[in-house]
Number of protein chains: 2
Amino acid sequence: MKALFFLYDGYVDWEISPLSYILSETNVEIATTALTKEVTHSGKFKVHVDHITNESLADDYDILIIPGGDPEPLFKEDSLKNLIQAFDQGNKWIAAICGASTLLGSSSVLRNRKYSSSIEPAEFPSCFNPSYKSEADVTISENLITAEGNAYIEFAVAVGKQLSLFKDREDELETVLFFKNQLRG
Amino acid sequence: MKALFFLYDGYVDWEISPLSYILSETNVEIATTALTKEVTHSGKFKVHVDHITNESLADDYDILIIPGGDPEPLFKEDSLKNLIQAFDQGNKWIAAICGASTLLGSSSVLRNRKYSSSIEPAEFPSCFNPSYKSEADVTISENLITAEGNAYIEFAVAVGKQLSLFKDREDELETVLFFKNQLRG
């Protein structure tokens, strides 16, 4: 299985760091893509990505994962829009957390599907139809997995569950409690 | 204020990603250092560091932060040992989580000070004196802040508190609950 992370300047790394770890530990191949070869995350580390977005092909991956941050400058980027649409048209998983859900709206893949986001729909009326905002902090709608930013552990575990990465229910529950520092015994 | 992160191949990014975010959001300057210009973290992203370790000077920073991973290959690296000792001799903060506490032992800065780590002392008798293993998941001993890996939020908040980054106690408590997705209202 192969996962592609789309990264951009100011992306919020803690929203996806437990997820990339879980993927790596379960032998999912990981690649990164961005509009430029290097981006700086919100914690100020410089990440050197594996591929430029217009050279990344949805066919090569099973899931596209996008962290939050300030995605608004990306709304007009055709290479990103094409990539998101290609994942959707191929019925591949797309996982977006926090502000990244706006990119699913700006790429017209949300349609009439329920979604979660830390962003209020009124802030981005061109991206979101408020009727489809979910009450849950993680929402799975067909091939879309979306989440509020502070639900980054629940998001990671939801993605892991959809990709059948956990051995069993116990493994899944232990993962949640481990990352919340509530695992005892 | 300036923070230096020492990174290495396989370092566990989620153990420090909330901390680097909190530092960045509170205007602490962040720099990264490693033995090589590029390292790959446990989630398989490639990080391009700002400085090589033997060119990093403790005098330029207020705190050194080291994530867990597999630090054993680093025990013999004099440039890292010198850097850790220079932070300690300058009475600057050193924050180490999970396996990184072994590096404080291998650099002889732990001495007779209490520490936390996810590693059992018996695994690294050259690093740890079992009498000083703390029962707590985060331990502050003079200028050393050490933690178990799964206490990465508590670790980030302990560092933030020691550096006086929180506006008040409410801000500190809200930060814990936010990252545990338990903040309501």
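Two residues count as being in contact if their C-beta atoms, placed from the backbone, lie within 7 Å.

## Ground rules

This is a predicted model: local features need pLDDT of at least 70, side-chain atom pairs count only at pLDDT 80 or more, and totals for chains, interfaces and linings use all residues. Residues are numbered from 1 along each chain as its sequence is written, while chains are lettered from A and ligands numbered from 1 in the order in which they are written.

## How the two copies meet

Turn chain B by 180 degrees, shift it 0.0 Å along the axis, and it lands on chain A with an RMSD of 0.0 Å (a least-squares fit on the C-alpha atoms of residues with pLDDT of at least 70 in both copies). So the pair is related as by a two-fold rotation axis. In chain B, the C-alpha nearest that axis belongs to B:Val47, 2.3 Å away.

As for the interface, 100% of chain B's interface residues are also interface residues in chain A, so the copies meet through the same surface.

## A look at α2(A)

Helices here are DSSP runs of H or I with at least four residues, strands runs of E with at least two, numbered from the N terminus. In α2(A), the buried residues are A:Leu80, A:Leu83, A:Ile84, A:Phe87 and A:Asp88 (buried means 20 or more other C-beta atoms within 10 Å of a residue's own, exposed 12 or fewer, partly exposed in between, with C-beta atoms placed from the backbone). Their cover includes β1 (2-6), β6 (63-66), β7 (93-97) and α3 (101-106) of chain A.

The face of α2(A) turned away from the buried side carries exposed A:Asp78 and A:Gln89. After α2(A) comes A:Asn91, with a positive phi near 55 degrees.
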